[in-house]
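Visitor: Could you take me on a close look at the pockets of this protein and the charged pairs around them? I'm new to this, so plain words would help.

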Amino acid sequence: MLRRLGRSQLSHFRFQSTLSLVGFNNKEVSVNLDGKSVTFKNTFLRDSCTSLESVDASTSQKLFTTAEAATDLSITKEPSVVDNKLKIQWSNNGKILNSTYSASFLKEYSTPAGPRKDLFFDNDRTLWDHNELISNLDSLHHDYEAYLNDEKTFFDAVFNMNKYGLCFIDNIPRPTLDKMNESNVSQWPVAKLAERFGYIRKTFYGSLFDVKNLKSEAKNLAYTNTFLPLHMDLLYYESPPGVQMLHAIDNSTLGGENIFCDSFLAAEHVRKVDPVAYTALTKIPITFHYDNNNEYYYYKRPLVIEDKDITGDFPKIHAINYSPPFQGPFEIGITKNDPAYDMFDDFIRGFQLFEKFINDPANHYEVKMKEGTCVFFENRRVLHSRNEFSDSNGGDRWLMGTYVDGDSLRSKLRIGYRKFN
């Protein structure tokens, strides 16, 4: 049975701090947090212990497994609350161990949504269309030297990437090199920008890649001067990169404006207009492939990947997958004997709504990027496109790009919140 404390004991703890002990047994511990009773499983508490007996001081890595924590586990004496911290002595696998839990830790883990607030910052994310982005455009631009050398400017850029999935770095010096190769990657400005918050994600395009005027026998539409439709990159990878960067070194041709669009806003539009079609967009997988230049990549994933743990008003979307140039044949819902046969019609209806929305200029940010500017954008949220261009005016176009995993971005975001929030 759960051992209940006497009324006088409860009153003493209640008036002394926001944390008090309610009761305990060898299965669970109940505490009072800011007037609310919360019961935790003992296995969770033992498994979460960060004492020097449980976590290596140098590496911060656990010294035991969850299965070990749950084996032969009991509380040896009545837990106590000292200085707003819960103290428990365990007997675990024949060893006596001591654990301490702060009121803030217990509060954070008292609800399923609690741990998320210091990990993903949902309330600081914003959907955007043309008007929303234009009205906040100045805040999305950051100086190159300040980004590299000033911690607050760097955090502002990372903050904006979380908020809009998009930001710009200006006043980048022109590279002193004429040609990129794997031996001089670190000398290019876009590499310095990338390595400020993460590790460059090398792909079959290389560590960095050039997007220039017109390459004969191009292996990608981006390497031609024709219109490039809205899309995301490398969705045929099992783990597509989370961030793409494009540094405009030369950009004096006619046309060639970059176009960006918030795919999360488009998906949310479909959800509101046609919930059945939206659901189909989360169920029917799209095939993506790249079979060219002695490379053959393949993966399938739905248009919308949800994250039900997202809090607040922001859409419960983890990622969008949209890249028409690299789509292969559908595999699900296409034959009469397929259980998803009828759902495929809902999917197509949702797909049409999605495309109509993203192709509306009212939902675009279009910009002729200035030379010396680099754009960062979330590859799994922000769709990008490029208008047709011509060098008939004698102009030149040279953008240098690279990829970084989204995990690196989110790591720096969390550290920045600790420091500046």
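**Cysteines, pockets and charged pairs**

Guide: Let's clear up the cysteines before we get to the pockets: this is a predicted model, and a search through the whole of it turns up zero disulfides. As background, a disulfide is a covalent bond between the sulfur atoms of two cysteines. Take Cys 167: its closest cysteine sulfur belongs to Cys 374 and sits 8.3 Å away, which is too far for a bond, because a disulfide needs the two sulfurs within 2.5 Å. Cys 261 is in no disulfide either, and for Cys 261 the nearest cysteine sulfur is that of Cys 167, 18 Å away. Both are hidden from the outside: Cys 167 is buried with a relative accessible area of 0%, and Cys 261 counts as buried at 0% too.

Now for the pockets. Rolling a probe the size of a water molecule over the atoms shows where empty space is left. The largest pocket here has a volume of about 530 Å³. Its lining is made of 30 residues, and those nearest the centre are His 318, Glu 378, Arg 380, Gly 406 and Arg 410. If you want to trace the walls, helix H7 (151-164), strand E19 (317-320) and helix H12 (406-420) are the elements that give two or more residues to this lining. H12 gives the most, with five residues. Sorted by class, the lining of the largest pocket has 13 nonpolar, five polar and 12 charged residues.

The second largest pocket holds about 440 Å³ of space. It is lined by 19 residues, and the closest to its centre are Arg 116, Lys 117, Asp 118, Leu 119 and Phe 121. Helix H12 turns up here as well, giving the most to the lining of the second largest pocket with five residues. By class, this lining divides into seven nonpolar, four polar and eight charged residues.

With charged residues in both linings, the next stop is the pairs. Side chains of opposite charge can pair when their charged atoms come close. Across the model, the count comes to 17 salt bridges.

One of them belongs with the largest pocket: Arg 410, which lies among the residues nearest its centre, forms a salt bridge with Asp 407, and their closest N and O atoms are 3.6 Å apart. These two are three residues apart in helix H12, so about one helical turn separates them. Asp 407 is exposed, at 55% relative accessible area, while Arg 410 is partly exposed at 26%.

Over at the second largest pocket, Arg 116 is one of the residues closest to the centre. Through salt bridges that share partners, Arg 116 is joined with Asp 122 and Asp 307 in one network. Lys 117 and Asp 118 are also among the residues closest to that centre, and their side chains meet in a salt bridge, 3.2 Å from N to O. Lys 117 is exposed at 52%, and Asp 118 is partly exposed at 40%.

Here's one last pair to find. The side chains of Lys 62 and Asp 47 meet in a salt bridge of 2.7 Å, N to O. Lys 62 lies in the loop between helix H2 (42-47) and helix H3 (66-69), and Asp 47 lies in helix H2, so this pair ties together parts that are 15 residues apart in sequence. Lys 62 itself counts as partly exposed, with 40% relative accessibility.

Conventions: Residues are numbered from 1 along each chain as its sequence is written. This is a predicted model: local features need pLDDT of at least 70, side-chain atom pairs count only at pLDDT 80 or more; totals for chains, interfaces and linings use all residues. Side-chain values use heavy atoms; hydrogens and water are left out. On a 1 Å grid over the protein atoms alone, a cavity is a set of points where a 1.4 Å probe fits but cannot get out, and a pocket is an open set with protein on both sides within 12 Å along at least five of seven lines; lining residues have an atom within 4 Å of a point. Grid points are joined across faces, edges and corners, and a volume is the space filled by probe spheres set on the points. Helices (H or I, at least four residues) and strands (E, at least two) are DSSP runs, numbered from the N terminus. Ala, Val, Leu, Ile, Met, Phe, Trp, Tyr, Cys and Pro count as nonpolar, Asp, Glu, Lys and Arg as charged, and the others, Gly among them, as polar. Buried means under 20% relative accessible area, exposed over 50%, partly exposed in between (1.4 Å probe, protein chains only). A salt bridge is a side-chain nitrogen of Lys or Arg within 4 Å of a carboxyl oxygen of Asp or Glu.
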